[in-house]
Amino acid sequence: MIKTPICELFKIEYPILQGGMAHIADGRLAAAVSEAGGLGIISAMNMGKDYLKEQIDIARKLTEKPFGVNVMLMSPHTDEVAQLLADEKVPVVTTGAGNPSKYMDIWNAAGIKVVPVIASVSMAKLMERAGACAVIAEGGESGGHVGDLTTMVLVPQVASNVSIPVIAAGGIGDGRGLAAAFLLGAVGVQMGTRFLVAKECSVHENYKKKVLDASDISTIVTGKRLGHPVRSIKTPFSRGYAKAEYSTLSDDELEQMAVGALRLAAREGDEKRGCFLAGQIAGMVTKEQTAAEIIVEVCQEAENVLNGAKKWVK
Ligand code: TUI
């Protein structure tokens with residue numbers, strides 16, 4: 001059995017968080033992951049408080065277990081969403097794509113466990129000082145908004161520089177990844193791409209198919225020119241966008257190209273204009289499973305790997 005300090009911290013059975021994937025991670029998926037013993041996360045994405053309240057209510061109807069909400073800090077609705085989370089006393093809030101310091105006091109006062117996603121040691125230290133109870137160190141192998149460092153180099157450096165628990169994310173898709181995260185100093189993992197194909201995940205079938213068909217080299221990072229690099233599956237759209245970044249197109253025109261692209265991929269499965277965010281482990285995601293099957297399989301495999309790891313130590 002695998003038990004780590006975050007099992008106690010979040011009151012969960014397995015040290016696995018589900019990534020807060022925009023337009024994908026809804027109340028139903030979060031509830032399925034939490035019900036299976038992990039920590040399910042609802043994405044607040046760029047929606048207002050009414051949408052989020054609906055999803056929180058859905059999750060609460062489906063499970064009594066703790067779950068979290070991910071706040072994407074570039075959203076224009078962050079202030080009202082932050083207040084709703086405090087009012088609702090959601091057990092856990094994760095944040096992404098920015099610095100959540102200004103919300104830390106109201107969340108901590110509401111008894112919420114705040115877990116920022118960070119992509120550097122300096123940000124991890126800042127978040128610890130600001131009152132975070134743990135950090136998610138996310139390497140650039142992940143899908144969506146990415147930092148520069150890989151999980152392999154980020155996690156041990158963060159673990160050496162903060163006293164709060166570190167959760168590894170980016171490039172983790174099976175039990176070997178969970179075992180490796182432990183060896184790098186993390187006490188849990190967050191997985192997004194693997195949960196994209198969960199049976200309880202309502203993302204469009206075309207999206208699931210793209211992940212299931214992906215190989216190790218199927219993803220690409222675009223958006224660096226505008227300062228928002230995102231990793232997605234290579235499609236005519238993402239390749240076209242990558243080319244456009246090096247063209248004479250203005251920043252405004254480039255921005256226009258991507259408007260609505262995440263929603264179009266996730267909800268409409270639009271292969272021409274959609275942006276199918278996924279991490280580099282997409283190549284190892286080969287089957288649709290329930291959230292419970294994913295969690296149990298990953299933990300069982302990690303246990304086997306860790307039990308065998310001593311064979312190289314003489
Ligand atoms: O946030 C994510 N992944 C995301 S957000 C997203 S939605 C989006 N839509 C359009 C453009 C860009 C994004 C899709 N995927 N992951 C968490 C994450 N946070 N990764 C890296 C960071 C991060 C980066 C910089 C966290 C903090 C940070 O600090 C910068 C600062 O403010 O000092």
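**View 1. Valine 117 stands opposite isoleucine 136 of strand 6.** The model is predicted: local features need pLDDT of at least 70, side-chain atom pairs count only at pLDDT 80 or more, and totals for chains, interfaces and linings use all residues. Residues are numbered from 1 along each chain as its sequence is written, and side-chain values use heavy atoms, with hydrogens and water left out. Strand 5 (residues 113–118) and strand 6 (residues 135–138) run parallel and are joined by 2 bridges. Two strands are taken as paired if DSSP finds at least two bridges between them. Helices (H or I, at least four residues) and strands (E, at least two) are DSSP runs, numbered from the N terminus.

**View 2. An open sheet of 8 strands is paired in parallel.** The strand order is 1-9-8-6-5-4-3-2. Strand 1 and strand 2 (40–43) are the edge strands, each pairing on one side only. From one strand to the next, the twist averages 25 degrees. Helix 4 (residues 78–88) packs on the sheet and touches strand 3 and strand 4 (92–96). The direction of helix 4 makes about 165 degrees with that of strand 3. Helix 7 (residues 151–161) lies across strand 5, strand 6 and strand 8 (166–169), and runs at about 175 degrees to strand 8. Contact means heavy atoms within 4.5 Å. Axes are lines fitted to C-alpha atoms, for helices over the stretch in contact, and angles run from 0 to 180 degrees between N-to-C directions.

**View 3. An open sheet of 3 strands has antiparallel pairing.** The order is 7-11-10, and the edge strands, each pairing on one side only, are strand 7 (144–145) and strand 10 (219–222). Strand 7 is joined by 2 bridges to strand 11 (residues 230–233), and the two run antiparallel. Histidine 145 stands opposite valine 230 in strand 11. Helix 11 (residues 236–245) lies across strand 10 and strand 11, at about 35 degrees to strand 10.

**View 4. Domain 1 and domain 2 meet at an interface that buries about 1800 Å².** The domain assignment gives domain 1 as 5–202 + 287–312 and domain 2 as 205–281; such bounds come from an automatic or database domain assignment. The contact takes 24 residues from domain 1 and 18 residues from domain 2. Taken over C-alpha atoms, the domain centres are 23 Å apart. Of the buried area, 62% is on carbon and sulfur atoms. Buried area is the accessible area (1.4 Å probe) that two parts lose on being put together, summed over both.

**View 5. Lysine 208 and glutamate 288 form a salt bridge.** Their closest N and O atoms are 3.1 Å apart. A salt bridge is a side-chain nitrogen of Lys or Arg within 4 Å of a carboxyl oxygen of Asp or Glu. Between domain 1 and domain 2 the count is 1 salt bridge. Across this interface, 11 residue pairs are in polar contact, both residues at pLDDT 80 or more. A polar contact is a pair of N or O atoms within 3.5 Å; within protein, one must be able to donate a hydrogen and the other to accept it, and residues adjacent in sequence count only if both atoms are side-chain atoms.

**View 6. Lysine 65 and glutamate 13 meet through their side chains in a salt bridge.** The N to O distance is 3.3 Å. The pair links distant parts of the chain, 52 residues apart. Lysine 65 is in the loop between helix 3 (49–62) and strand 3 (67–72), and glutamate 13 is in the loop between helix 1 (5–10) and strand 1 (16–18).
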